[in-house]
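Work through the exercises below with the sequence and the structure at hand, and try each task before reading its solution.

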Amino acid sequence: MFTSQIKNIVMKKLSNYLKLKVYNSRKRRGDIERIEIKTGYSMGHISNVLNGNRVNDEIVTVAYKIASKRKINKERNAQGFPERRK
């Protein structure tokens, strides 16, 4: 099997809860806009899904794919990157 096929099989086994947990530990500014462009859903709906108020497999999967390639925010901050502005 190719690596991409294995990743697709593993990703299908993850629950939406686990995918959201991975996304929330690695989210960055501008992610909702990126997800909006890829899926076509409104920013408000995407925000509701990522906060756990609504359920949408497509949005959760796209968010997971975006964030899965990143370092966890705690690791990133430990390396000297500035914390997120409040």
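Helices, as counted here, are DSSP runs of at least four residues, strands are runs of at least two, and both are numbered from the N terminus. The model is a predicted one.

**Exercise 1.** Determine which pattern the protein follows along the sequence.

*Solution.* Begin by counting the elements, which gives six helices and zero strands. Then read along the sequence, where the pattern is α-α-α-α-α-α.

**Exercise 2.** Describe how the axes of helix α3 and helix α4 are placed.

*Solution.* First locate the two elements, since helix α3 covers residues 31-39 and helix α4 covers residues 43-50. Next consider their axes, which come within 9 Å and cross at roughly 115°. Angles of 65 to 115 degrees count as roughly perpendicular, and α3 and α4 are therefore roughly perpendicular to each other. Finally, the handedness of this crossing is right-handed.

**Exercise 3.** Find which residues of α3 and α4 meet, and sort them by character.

*Solution.* On the side of α3, the residues to list are Ile 32, Glu 33, Ile 35, Glu 36 and Thr 39, and they meet Met 43, Ile 46, Ser 47 and Leu 50 in α4. Sorting the residues of this contact gives five nonpolar, two polar and two charged.

**Exercise 4.** State what share of the residues in the protein is buried, and what its accessible surface comes to.

*Solution.* Of the 86 residues in the protein, 24% are buried, where buried means under 20% relative accessible area. The accessible surface comes to about 6,600 Å², and carbon and sulfur atoms account for 52% of that surface.

How values were computed: Residues are numbered from 1 along each chain as its sequence is written. This is a predicted model: local features need pLDDT of at least 70, side-chain atom pairs count only at pLDDT 80 or more; totals for chains, interfaces and linings use all residues. Side-chain values use heavy atoms; hydrogens and water are left out. Buried means under 20% relative accessible area, exposed over 50%, partly exposed in between (1.4 Å probe, protein chains only). Accessible areas come from the Shrake-Rupley method with a 1.4 Å probe; for residues, only the protein chains shown count as cover. Axes are lines fitted to C-alpha atoms, for helices over the stretch in contact, and angles run from 0 to 180 degrees between N-to-C directions. Angles under 35 degrees count as roughly parallel, over 145 as roughly antiparallel, 65 to 115 as roughly perpendicular and the rest as oblique. A crossing is left-handed if the near helix is turned anticlockwise from the far one by less than a right angle, and right-handed if clockwise. Contact means heavy atoms within 4.5 Å. Ala, Val, Leu, Ile, Met, Phe, Trp, Tyr, Cys and Pro count as nonpolar, Asp, Glu, Lys and Arg as charged, and the others, Gly among them, as polar.
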